[in-house]
Amino acid sequence: MTRLTSALLSLMLVSVAGFLLSPEAGAQQFKSTNLQFHYNFGKEIYKADPIFYGPSLTAEHFGTDRYGETLVHVDADLGQQGIADTRWTIARDLKFWDAPIALHGEYRGGLTRVADRPRVENAYVAGLDYVYTNSAKDLKLNFVAGYRYNQNAAKPHGLQLSGYWQWTSWNRLWSLIGYVNAYTTQTGNEEMAIAFQAEPQFWLNINQFAGVSDAFDLSVGIEGRMYYNVFMPKRFLAMPTLALKWNF
């Protein structure tokens, strides 16, 4: 475990250091940060399960540079007495070549204050990321395959497959963004199983309407949250949200 963690941290630190020390880095970098507010209708759909709360917050940062991409994603569910739980993902792609394949390192973790929810364990992923961007630069796809280490599990070694997409309409009025993630996990009876989660989003960009300033970077949208073997063993959950997003 120590060697794997050190390798992933080294991957991220080397890439960041290389970016900072490179005189040409600024010419190829892109950064985007957004804050999202979601009202999760899981509270109304699964009334018998008290673990699903209505509102949640998401903070997300994405950046590119000459050596790859960085993603930081944090979700926080809001309960009756403040934040009920948080989950985060920190991912880094690293490459020193022009081919669309990069080394990929990822850390997933979180904290929970809800007694009925399973504990959020640390997970580490090391693999490869294939990145596709079309010629118009309005469609971007990522396909990630990697080895996954589930900390504190009796059988910690597994696999993870992930897909990410981002598409913006020709007039930039609306966007489709999201991800799908499948990985091996261990259920309560210590059997290995497949866990699945997906969160597709649709956003309507308000500043693209006539008469609205470009600086008013607010989007209104919906998200579908789908989980299997994530919050409850061998159970599929689907929850829509209404959302607002401000891009910084």
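Author: Rings of Phe, Tyr and Trp (its six-membered ring) pair if their centres lie within 6.5 Å. Keep in mind as we go that this is a predicted model.

Reader: Okay, so which residues do ring pairs link into a cluster with Phe 96?

Author: Start with one pair: the ring centres of Phe 96 and Trp 97 are 6.4 Å apart, and the cut-off for pairing is 6.5 Å. Ring pairs bring one further residue into this cluster. So the partners of Phe 96 in the cluster are Tyr 67 and Trp 97.

Reader: And how do the rings of Trp 167 and Trp 174 sit: stacked, tilted or edge-to-face?

Author: Their centres are 5.1 Å apart, so they pass the 6.5 Å limit for a pair. Their planes are at 70°, and planes over 60 degrees apart get their own label. That label is edge-to-face.

Reader: Is Phe 96 buried or exposed?

Author: Residues over 50% relative accessible area go in one class, and those under 20% go in another. Phe 96 comes out at 54%, while its ring partner Trp 97 has 38% and is partly exposed. With that value, Phe 96 counts as exposed.

Reader: Let's switch to charges. Which residue has Arg 148 lying over the face of its ring?

Author: Here we look at how far Arg 148 is from the ring centre, and that is 3.8 Å. The cut-off for a charge over a ring is 6 Å from the centre. The ring belongs to Tyr 183.

Reader: Which residues are linked with Arg 87 in a network of salt bridges?

Author: Arg 87 forms a salt bridge with Asp 77, where the closest N and O atoms are 3.3 Å apart. This pair links distant parts of the chain, with Arg 87 in strand β4 and its partner in strand β3. Arg 87 also meets a second acidic side chain in a salt bridge, at 3.0 Å from N to O. The residues linked with Arg 87 in the network are Asp 77 and Asp 85.

Reader: What is the relative accessibility of Arg 87, given that it counts as buried?

Author: Buried means under 20% relative accessible area. Both Arg 87 and Asp 77 are buried, and Asp 85 is buried at 3%. For Arg 87, the value is 17%.

Reader: How far apart are the closest N and O atoms in the salt bridge between Glu 223 and Arg 225?

Author: This is another bridge between buried residues: Glu 223 has 4% relative accessibility and Arg 225 has 5%. A salt bridge needs the atoms within 4 Å. Here they are apart by 2.5 Å.

Reader: Lys 245 is buried yet has no salt bridge, so which side chain of opposite charge is nearest?

Author: Lys 245 is found in strand β13, and its contacts beyond its sequence neighbours include Ile 177, Trp 203 and Asp 217. A salt bridge would need a nitrogen and an oxygen within 4 Å, but the nearest opposite charge is 6.1 Å away. That side chain is Glu 60.

Reader: Last one: how many strands does the whole protein have?

Author: Of its 248 residues, 42% count as buried. Alongside two helices, the number of strands is 13.

Terms used
Residues numbered from 1 in each chain as written. Predicted model: local features only at pLDDT ≥ 70, side-chain atom pairs only at ≥ 80, totals over all residues. Heavy atoms only, no water. Phe/Tyr/Trp six-rings, centres within 6.5 Å; stacked < 30°, edge-to-face > 60°. Buried < 20%, exposed > 50% of the residue type's maximum accessible area, 1.4 Å probe, protein only. Lys NZ or Arg CZ within 6 Å of the ring centre and 35° of its normal. Helix = DSSP H or I, 4+ residues; strand = E, 2+ residues; numbered from the N terminus. Lys, Arg positive; Asp, Glu negative; His and termini not counted. Contact = heavy atoms within 4.5 Å. Lists of a residue's contacts leave out its neighbours within four places in sequence.
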